Amino acid sequence: MQKGSTEGLDLFWKLGDVKNDKTRLEVVQRLLAKVNSDRDDKLDMDYVLTRLIRGMASSRSRQGFFLTLTELIRRSGPSSYSKVMKLKEEHLMAKGTKSEEGENACGHLFVLGALLRSGVEFSLEEKTSIVNEIFEVSGKRSYIAGSAMAILKDFIERSEKSEDKNVMMNAYKAKYKNGADISSLNQAWIVVVLLIKWPKFFAKENATKITDSVLVDQFGKHMKECNVPLASLKIHPGLKEIIRFLCEKEIVHSFWTQHVGPFISKESTYRTSVAFIMLSYVMLYLSSNDRNTNISSFISSNFVGASLSYLSRRNESSDEDKIILGIYENIIKVAEEAPETQVPLLKVLLTGTGTVTFDKVTGGSLIVRLSAVCSPMSIKSLGEIYKTAAEGGKKKNQQLTFHERLFAIQQFAKLTSHSSLTGEVEWKIESLQFLLSNVIFQNKKTTPWNSATRIQAKNAFFKGLDIKEKSFGNTCKVLKETLLFANNKLGPKSDALSSENKKVWMKMTAVVKSISYESDKKLSVFLILFAHMGFQLFHQPEMAVEALKDLHICYEKACGEIKTSVKVSLGDEENDEPIWTEVIVDLLLSLLSQNRSILRQVVNTVFSLISPFVTTKALQTIIDVINPSIEKEEEDEDEMDMDDEDVDVCDETDNDEEEESESEEEDNEMQQNDVNEEIRKDIKSALGDGAVQSDTGSVDVDDMDEESMAKIDEALANVFKILCKKKSQNQKKKEKKDAIAQIHFKIRALDMIDMYLSRPSNPPPTSHVIYLISPLLSALEYSLKISTINSEKGSIVSSIK
């Protein structure tokens, strides 16, 4: 080394310390420039080679030193071989501790890798020596073998001469003397790499014959006995390449069905985890045709049972869970591309080792997302699976629990609103009849619901009524046929309704039978209302009875008005008695206030149909909900102070009244005691000097002058004024809940106004539009004045536009 090369020496330290590729390449270029420099401070070639080769034994500097050594060998040409091999033997073959010997073995391997990576055309003997040594070093430490195969893989893929094939064949035969037996993952990897480069590599007479079937059998046998740590297996590049090769050769199906699928078991954690890893690669590399054809073979009952065992732990951070979820993501894509795979997939997931409560057990939404891409035929098959389970089907020769049956019937009820089943009227009628038979009227063939699930099961029928048909005629047909079916079930011996409610039912049914939805669309809106209110007799009989009374009156008025062609105008308001649309609107608002999704759907459907008959008085009824009175405003300004985050306006779930628990009552008593104590302290403070009491515990007011009395009166008035404003925690909670419910109610009422104004084919009268402007502006002013949620303001602005 020449003098004045301090800067060059520093480059070696920098090369070992750099953390990113860009800086590393810059240091390598500067170091190479110092070697090739004509200046006095140039670095000696032998010294640089020695430093680089010795540095290969250090994991800290290995990457940068490998790059520099490879480039130096490339620039030096074939003559560098003997020098590099000599330095390697001098500096990397010393004995020491196990750790030191392991580091030296790694350095040895990467020096050999630099020779091959340089691309220099060494002689046949030199290449053979390098490859043989790489095979030899790979066996010194298990963690070195993968890197050794990666170096050989790079050499094989870049080989262009036929002699390289002979080099690899001789080296392979020398390393693996066990014939066609594959004893390790790395051996299987190098076999696949050789077959990809030279497809007939193992077909010659003087070589070990490894056909496709032999490879499948040998690799499958090894993977059954594989003991590579899972952490290493997940990042092993060889496993991924082997699976890709099997997929491209279209032999992965036989490999899976013979050697992997049958042996997946939730009792064998390691083997199952290995199968999950391999299946993730199968789903990645399998051709779309093969994947769509054989998907059911890969997603076997064994796989589903094992994946349920993993996912039910709800540990989303585990690697196994991520792998399984990734596989299921691919399943959804397959189901969307190949409809013929949908039914087999649904069956294996929901029956056998699967479970009808798959989404509930795993805490995910796989079945929901899978059903979203399913064809109508597949959805019907899914419905049959749920029906069988709801009726008490067996799982592993054991009867399903009530909660499994309940989940099944709830999921089945949701299918009536599935987008792919729009227009499937007969299927929806049969489905609602099934729900009626199993949750409203007891099916004698099935086990009765227990007390814990009976009410929830009944709610499933009302969820099923949300059929979402685009055709009004289809909606009427489904409801009418379902109602007539219920009427046949409601015989004299049925206890589904009380005797009084049965009379109400019979009267309602008679009206529904008389309505022809095919010929009279205007009157048939009553069919929808009568049907839904009739069904509510099984759920909320008191509300339904009152609603049906009003409906009968409205129906009679509507029949008279429509027959005489009464025109809706402002003049209608001169009548003291409300016309039928006004009563209907009032009823619709009453249904909206109950915060049930099916009733909201009914309101939207009916209101859109009666919009041409709506009067200003009916509109005013809606406005009264949106725009509260001035007196109410003053109260609301104190009570309603909430952010957007406090309210979920899009909540479509049915909300029932919450009952206060005994613990809440105890809290109330404690809070009351605290309030009483506060009252005593505040009054005592207000009395001041007058608080000094006599022996009887009372204040002697005769000893107080008029000025003191006036001060005490004023102080006590302030105390009681403050106390009137104090509320318990439960009172505040209830008021906040009521305020949120009121905002929801207002927004839904605004939706009715928006629906009324948005009728391009039959726009509302101009007088009605003008009538609405002022109250809507007032409502907007009020919502801006108080602290309310943005959704309400947005709904008002939308209506004004």
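**Aromatic pairs**

I searched the whole structure, a predicted model, and found 22 aromatic pairs. I looked at Tyr172 and Tyr176 and noted a tilted pair, with 4.9 Å centre to centre and 50° between the planes. I checked burial for both residues. Tyr172 has 2% relative accessibility and counts as buried. Tyr176 is also buried, at a relative accessible area of 10%.

I then took Phe219 and Phe255. Their rings are stacked, 5.3 Å centre to centre with 25° between the planes. I recorded the pair as stacked because the angle is under 30 degrees. I looked up where the two residues sit: Phe219 is in helix α11 (residues 212-225) and Phe255 is in helix α14 (residues 252-259). They are 36 residues apart, and the pair links distant parts of the chain. Phe219 is buried at 1% relative accessibility, and Phe255 is buried at 0%.

I followed ring pairs further and got a cluster of Phe135, Tyr172, Tyr176, Trp198, Phe201 and Phe202.

**Charges over rings**

I looked for charged side chains over ring faces. Lys387 has its charged end over the ring of Phe434, 5.2 Å from the ring centre. Arg405 lies over the face of Trp449, and its distance from the ring centre is 4.3 Å.

**Helix α13**

I checked the length of helix α13 (residues 237-248). Its 12 residues should span 16 Å at 1.5 Å a residue, and I found the end C-alpha atoms 17 Å apart, so the two values agree.

Which residues of α13 are buried? I listed Gly238, Leu239, Glu241, Ile242, Ile243, Phe245, Leu246 and Cys247. I then asked what these buried residues pack against. The partners are α8 (142-158), α10 (185-197), α11, α12 (230-235), α14 and α15 (269-285). Two of these helices came up above: α11 holds Phe219 and α14 holds Phe255.

**Positive phi**

I looked at what follows α13 and found Glu250, with a positive phi near 60°. Glu250 is a residue other than glycine, and its place is in the loop between α13 and α14. Is Glu250 buried or exposed? I noted 58% relative accessibility, so Glu250 counts as exposed.

I noted a positive phi at Lys468 too, near 50°, again in a residue other than glycine. Lys468 is in the loop between α25 (454-464) and α26 (472-489). Its relative accessible area is 41%, so I entered Lys468 as partly exposed.

Note on methods: Residues are numbered from 1 along each chain as its sequence is written. This is a predicted model: local features need pLDDT of at least 70, side-chain atom pairs count only at pLDDT 80 or more; totals for chains, interfaces and linings use all residues. Side-chain values use heavy atoms; hydrogens and water are left out. Rings of Phe, Tyr and Trp (its six-membered ring) pair if their centres lie within 6.5 Å; planes under 30 degrees apart count as stacked, over 60 as edge-to-face and the rest as tilted. Buried means under 20% relative accessible area, exposed over 50%, partly exposed in between (1.4 Å probe, protein chains only). Helices (H or I, at least four residues) and strands (E, at least two) are DSSP runs, numbered from the N terminus. A charge sits over a ring if NZ of Lys or CZ of Arg is within 6 Å of the ring centre and within 35 degrees of the ring normal. The expected span of a helix is 1.5 Å times one less than its number of residues. Contact means heavy atoms within 4.5 Å.
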